[in-house]
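Me: I'm new to reading protein structures and would like to know how the words people use are justified. Could you go through one with me?

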Amino acid sequence: MLPILLLLPQIVITAVFFFYPAGQAVWQSLFIPDPFGLKSQFVGLGNFEYLLGDPYYRASFVTTAIFSGLVTLVSMGMALYLALLADRLIKGAGTYRTLLIWPYAVAPAVAGVLWLFMFNTRVGVVSWYLGLLGYDWNHVLNEGEAMGLVVAASSWGRVSYNFLFFLAGLQAIPRSVIEAAAIDGAHFWTRFRTIVFPLLSPTTFFLLVVNVVYAFFETFGVIHTITSGGPQQATTILVYKVYKDGFVGQDLGGSAAQSVILLFVVGLLTIVQFKFIERRVHY
Amino acid sequence: MATLKLNNIKKRFGSTDVIHGVDLDVADGEFIVIVGPSGCGKSTLLRMVAGLETVSSGEISIDGKRVNDLEPMDRDIAMVFQNYALYPHMSVFENISYGLKIAKTPKAEIAERVATAAKMLQLAPYLDRKPRELSGGQRQRVAMGRAIVRKPSVFLFDEPLSNLDAKLRVQMRLEIKALQKELGITSLYVTHDQVEAMTLADRMVVMNGGVADQIGAPLEVYANPATTFVAGFIGSPATNFLPVAALSSPRAGAATIGIRPEHARLVHAGTGQTNGMVKFSEALGAETLVHLVLPAGESFTVRQDGTMPCPQEGEHCGIDWAQDSEIPFGADSRRIEIP
């Protein structure tokens with residue numbers, strides 16, 4: 001009795017906030033409700049059939065792949081670069097670290113608004129300077145610029161998180177191993193390529209999985225505040241499309257079907273992650 | 001093959017002086033052991049020779065060439081670290097050949113040199129293994145292999161045996177000695193273990209608080225320690241020290257005398273140079289160490305043959321020694337010559 005009692009809070013939370021809504025989504029994905037929400041019609045897998053044949057939905061998959069690939073690459077690349085610099089610091093290392101961790105505390109939506117103000121086509125500081133340089137920045141019309149901006153805003157806060165892990169990973173590499181490589185004749189870049197980066201690989205792989213999941217699901221706020229998925233569909237990633245079709249377009253059945261598909265994608269990513277953690281290289 | 005010369009080497013960390021000027025001349029092929037307690041600056045000294053620490057003042061030269069401002073890789077040295085510092089993601093072969101590969105040595109030559117080193121170190125069956133699949137002694141050998149395969153001018157060893165168990169340590173000690181004799185490479189070896197220092201060194205440097213107290217051949221240092229520190233540090237059990245005031249007859253100019261445990265013997269109470277009460281004794285088989293307390297409270301150790309009769313705890317004994325076996329020290333703790 002006691003074990004069940006102790007588990008109960010967690011079970012209740014999981015049931016109320018995960019199993020119930022997930023079950024509802026699966027249930028709703030099998031129906032098409034009428035426009036007034038008075039009755040719904042059972043259509044089996046019709047919603048899924050429609051989605052997979054929809055070119056906009058398939059385009060959203062490609063957009064998501066590009067977006068999450070770029071966010072992962074930019075946020076991890078920047079973080080690794082900063083971690084390498086911070087690892088070499090002798091004076092003031094603590095201050096730099098604290099400053100670099102700050103952006104992580106900023107909520108995605110707030111980060112989105114910050115970047116929006118900087119790049120606003122009329123009042124943005126950065127777009128104004130770009131204008132002085134002769135570049136006409138307009139992410140409201142230009143699809144590439146819109147993608148670039150949401151990638152930058154989403155990566156920015158993420159750099160802090162990745163930085164922490166990379167720095168910890170770098171500091172876990174024994175100093176003497178680096179020194180031995182230096183004595184063996186390896187200069188900084190050779191050491192990084194042949195010793196440091198391979199020894200960081202468990203950290204890198206972990207961050208890769210975590211960042212892809214982040215880019216898939218936690219960037220809603222950024223996209224919503226900056227581009228609302230536009231121009232056209234240029235920045236409509238899967239999660240944003242669920243919201244747009246469901247809450248804006250009122251296609252509740254189709255939206256539910258999309259979230260069921262996303263549920264499978266999460267499941268797949270989680271399996272990859274667990275497989276990796278189990279098999280993680282131990283030195 | 002090279003000579004190594006340290007000229008008035010000093011090291012400061014911030015405002016703290018850790019090495020106060022060390023001079024050392026190492027001949028070609030010589031095996032020098034730097035020995036001292038932890039914190040005496042011996043590892044720092046070695047790391048300065050390796051180029052892993054900057055030199056605050058003074059000059060280091062290898063084969064007559066000043067190397068102070070050279071990077072570690074340009075000094076033609078190889079180093080064996082205390083924790084071996086093997087590359088954990090590389091096989092034994094890759095570990096040993098790493099330096100050669102960076103130097104762009106032809107593949108055939110790499111294979112040949114690694115094979116020679118592996119044979120010398122009995123590593124041939126393990127070349128495909130990762131360091132984590134090796135025992136402590138084998139890892140130690142891989143670290144040695146990585147050093148010898150590059151044929152450096154100078155070998156540097158930073159307490160290479162302190163992570164091994166006692167039996168393996170004795171065995172590796174002999175192997176290192178044999179290997180160094182065979183290769184004839186000038187070596188600098190840092191340890192806190194005076195037995196390693198005594199057995200390995202052609203000459204040893206005894207360091208104390210950033211100063212080289214004495215440099216000399218092991219037996220010479222043992223017989224004629226230059227300071228009370230050296231007398232107390234080299235030799236186990238340690239030298240007994242007695243203030244001259246505690247002795248029945250004065251010693252001209254000396255404040256303290258040192259007596260090696262093997263030079264003293266137990267006699268009947270009331271005879272001999274001084275008296276003491278037996279605190280406890282350690283019978284080691286071949287020899288017995290008898291620990292006594294003198295009336296003034298100092299402890300005194302006598303090393304005697306295992307076959308000799310051993311007094312009981314609490315028994316009072318006389319302690320005697322030949323006066324010419326005494327090592328006299330002045331008030332400044334330095335050895336003095338008594339005419």
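Reply: Here are some questions and answers about this model, which is predicted.

Me: Why is helix 2 of chain B called largely enclosed by the rest of the structure?

Reply: A residue counts as buried if 20 or more other C-beta atoms lie within 10 Å of its own. Helix 2 of chain B covers residues 92-102, and eight of its 11 residues are buried, so the helix is largely enclosed. Among the buried ones are B:Val92, B:Phe93, B:Tyr98 and B:Leu100.

Me: What covers the buried residues of helix 2 of chain B?

Reply: The cover includes helix 3 (107-120) and helix 4 (136-148) of chain B.

Me: What makes helix 2 and helix 3 of chain B oblique to each other?

Reply: Start with the angle: their axes come within 10 Å and cross at roughly 130 degrees. Angles over 145 would count as roughly antiparallel, and 65 to 115 as roughly perpendicular. The value of roughly 130 degrees fits neither range, so the two helices are oblique. The crossing is right-handed.

Me: Which residues make that contact between helix 2 and helix 3 of chain B?

Reply: Helix 2 of chain B brings B:Phe93, B:Ile96, B:Ser97, B:Leu100 and B:Lys101, while helix 3 of chain B brings B:Ile110, B:Arg113, B:Val114 and B:Ala117. By class, that gives six nonpolar, one polar and two charged residues.

Me: Let's turn to the sheet. How do you know that strand 1 and strand 4 of chain B pair?

Reply: Pairing needs at least two bridges. Five bridges join strand 1 (residues 4-13) to strand 4 (residues 57-62) of chain B, so the requirement is met. These strands run antiparallel, and B:Leu6 of chain B stands opposite B:Ile60 in strand 4.

Me: What makes strand 2 and strand 5 of chain B edge strands?

Reply: The open sheet has four strands in the order 2-1-4-5, with antiparallel pairing. Strand 2 (16-26) and strand 5 (65-66) of chain B each pair on one side only, and that is what makes them edge strands.

Me: Finally, how many residues does each chain bring to the contact between chain A and chain B?

Reply: Chain A gives 15 residues and chain B gives 18. On the side of chain A, helix 8 (175-183) and helix 9 (188-217) each supply at least two residues. Helix 8 of chain A gives the most, with six residues.

Me: Which classes do the residues on the side of chain A fall into?

Reply: They divide into 10 nonpolar, three polar and two charged.

Technical notes
Residues are numbered from 1 along each chain as its sequence is written. Chains are lettered from A and ligands numbered from 1 in the order in which they are written. This is a predicted model: local features need pLDDT of at least 70, side-chain atom pairs count only at pLDDT 80 or more; totals for chains, interfaces and linings use all residues. A residue is buried if 20 or more other C-beta atoms lie within 10 Å of its own, exposed if 12 or fewer, and partly exposed in between; C-beta atoms are placed from the backbone. Two residues are in contact if their C-beta atoms, placed from the backbone, lie within 7 Å. Ala, Val, Leu, Ile, Met, Phe, Trp, Tyr, Cys and Pro count as nonpolar, Asp, Glu, Lys and Arg as charged, and the others, Gly among them, as polar. Axes are lines fitted to C-alpha atoms, for helices over the stretch in contact, and angles run from 0 to 180 degrees between N-to-C directions. Angles under 35 degrees count as roughly parallel, over 145 as roughly antiparallel, 65 to 115 as roughly perpendicular and the rest as oblique. A crossing is left-handed if the near helix is turned anticlockwise from the far one by less than a right angle, and right-handed if clockwise.
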